[in-house]
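Colleague: I would like to learn how to read a few local features in a model of this kind, going from the general idea to the particular case. Could we take them one at a time?

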Amino acid sequence: MATLPPFPSLSINAVAHSLNMRRLCSFYQPASVVSAFDCLKWSLRSKDDELFSSTVSKWQSCPAVGSLTAICSTPTEIDIPTVAETKLAFLQKFRKPIPSIYNNVIQELLVQQHLMRYNRTYQYDAVFALGFVTVFDQLMDGYPNIHDKETIFRSYIESLKEDPDQYRNDGQKLEQWGSVQNAESIVSFHARDGEVESVLKDISVRAGGEGTFHYSRFFAIGLFRLLEKANATDPVVLEQFCKALNVSKLSVDRDLDTYRNLLSKVFQAKELLKEYIEREKKKQAERESSKASEAVAKIEVEV
């Protein structure tokens, strides 16, 4: 399997300066862009949807593995928020309009992660966090306001009743660890001690059946991101790493392919929107120039 292609950077800062954000958010979308939006849905497999059992996990902190936090779960009856309540929580935390090219993806991911978050087998881990951070940063690449981009990230995670700092910090630590590994060392984590090694061992044990483990696409992307940082994306290494973590390589391959397709479609939608906005700006400039010429001609006639 080839390395995940880097998501092309699309800067639309110039558009943000020339158009009010609210106007951009409510801009009429041509049919070609709408069609691209329709392709962005990232549906979950039904086997991942063992949702809303009579008891769910009440989240509590466990002793930290090094300084990477491990989250345990104890079956306790609690009120589970609905998808609508989670979406409302996000809108209450981030009240600014979001351009539709980004908002469509955010809302779709939020619904899916809500289902993951309140699945009875869900347990936070750092690889899952790295996967989500990778997805968010690549899909939100080119967002007009960098500060708002991070605020959206925090609002998103907080609406799921989790800690955005934990996601960022754990993701960064895993990337730093991966950057000093190689194809041999990354798959032999069982033989060494260390905070990231302990996290990976814990995942391996739980995925192997001794505890709860909820596989997801975010986990698959986090796993592959570690291999990318170690420059070890060869299919053989991927297979060895999946085996060491007790996860299905077939599932990981399928989810990475889905993710590649999603990135490609998002990029295409951004390009279409960029072209549309540029055309509208040009038409508007021509209309204003025409009006100015008409006004000058009228003044000359009156004089």
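Colleague: Where does Thr121 lie in relation to α5 and α6?

Modeller: In this predicted model, Thr121 sits in the loop that connects α5 (100-117) with α6 (126-139).

Colleague: Is Thr121 buried or exposed?

Modeller: The cut-off for buried is under 20% relative accessible area, and Thr121, at 13% relative accessibility, therefore counts as buried. Its side chain is joined to that of Asn119 by a polar contact of 2.9 Å, and, leaving aside residues up to four places away in sequence, Thr121 touches Thr212, Phe213 and His214.

Colleague: How should I read the backbone angle phi, and which value does Lys161 take?

Modeller: As a general matter, most residues other than glycine have a negative phi. Lys161, which is not a glycine, has a positive phi near 60°; this residue belongs to the loop between α7 (146-159) and α8 (164-179), and with a relative accessible area of 57% Lys161 is exposed.

Colleague: What is the phi of Asn246, and where is that residue found with respect to α12?

Modeller: Asn246 comes just after α12 and takes a positive phi of about 60°. The loop that holds Asn246 runs between α12 and α13 (249-302), and at 39% relative accessibility Asn246 counts as partly exposed.

Colleague: Turning to the other end of that helix, which residue caps the N-terminal end of α12?

Modeller: The cap is Asp234, one of whose side-chain oxygens lies 2.8 Å from the backbone nitrogen of Val236.

Colleague: How do I read the pattern of burial along a helix, and which residues of α12 are buried?

Modeller: The general idea is that an α-helix has 3.6 residues a turn, so residues three or four places apart point the same way. In α12 the buried residues are Val237, Leu238, Phe241, Cys242, Ala244 and Leu245; because they cover an arc of only 160° around the axis, they lie on the same side of α12.

Colleague: How do α10 and α12 pack, and at what angle do their axes cross?

Modeller: The axes of α10 (residues 195-207) and α12 (residues 235-245) come within 7 Å and cross at roughly 70°, and the two helices are therefore roughly perpendicular to each other. From α10 the contact takes in Leu200, Ile203, Ser204 and Ala207, and from α12 Phe241, Ala244 and Leu245.

Colleague: How many of the residues in the contact of α10 with α12 are nonpolar, polar or charged?

Modeller: The contact of α10 with α12 has 6 nonpolar residues, 1 polar residue and no charged residue.

Notes. Residues are numbered from 1 along each chain as its sequence is written. This is a predicted model: local features need pLDDT of at least 70, side-chain atom pairs count only at pLDDT 80 or more; totals for chains, interfaces and linings use all residues. Side-chain values use heavy atoms; hydrogens and water are left out. Axes are lines fitted to C-alpha atoms, for helices over the stretch in contact, and angles run from 0 to 180 degrees between N-to-C directions. Helices (H or I, at least four residues) and strands (E, at least two) are DSSP runs, numbered from the N terminus. Angles under 35 degrees count as roughly parallel, over 145 as roughly antiparallel, 65 to 115 as roughly perpendicular and the rest as oblique. Contact means heavy atoms within 4.5 Å. Ala, Val, Leu, Ile, Met, Phe, Trp, Tyr, Cys and Pro count as nonpolar, Asp, Glu, Lys and Arg as charged, and the others, Gly among them, as polar. Buried means under 20% relative accessible area, exposed over 50%, partly exposed in between (1.4 Å probe, protein chains only). A polar contact is a pair of N or O atoms within 3.5 Å; within protein, one must be able to donate a hydrogen and the other to accept it, and residues adjacent in sequence count only if both atoms are side-chain atoms. The arc is that of the directions from the helix axis to the C-beta atoms.
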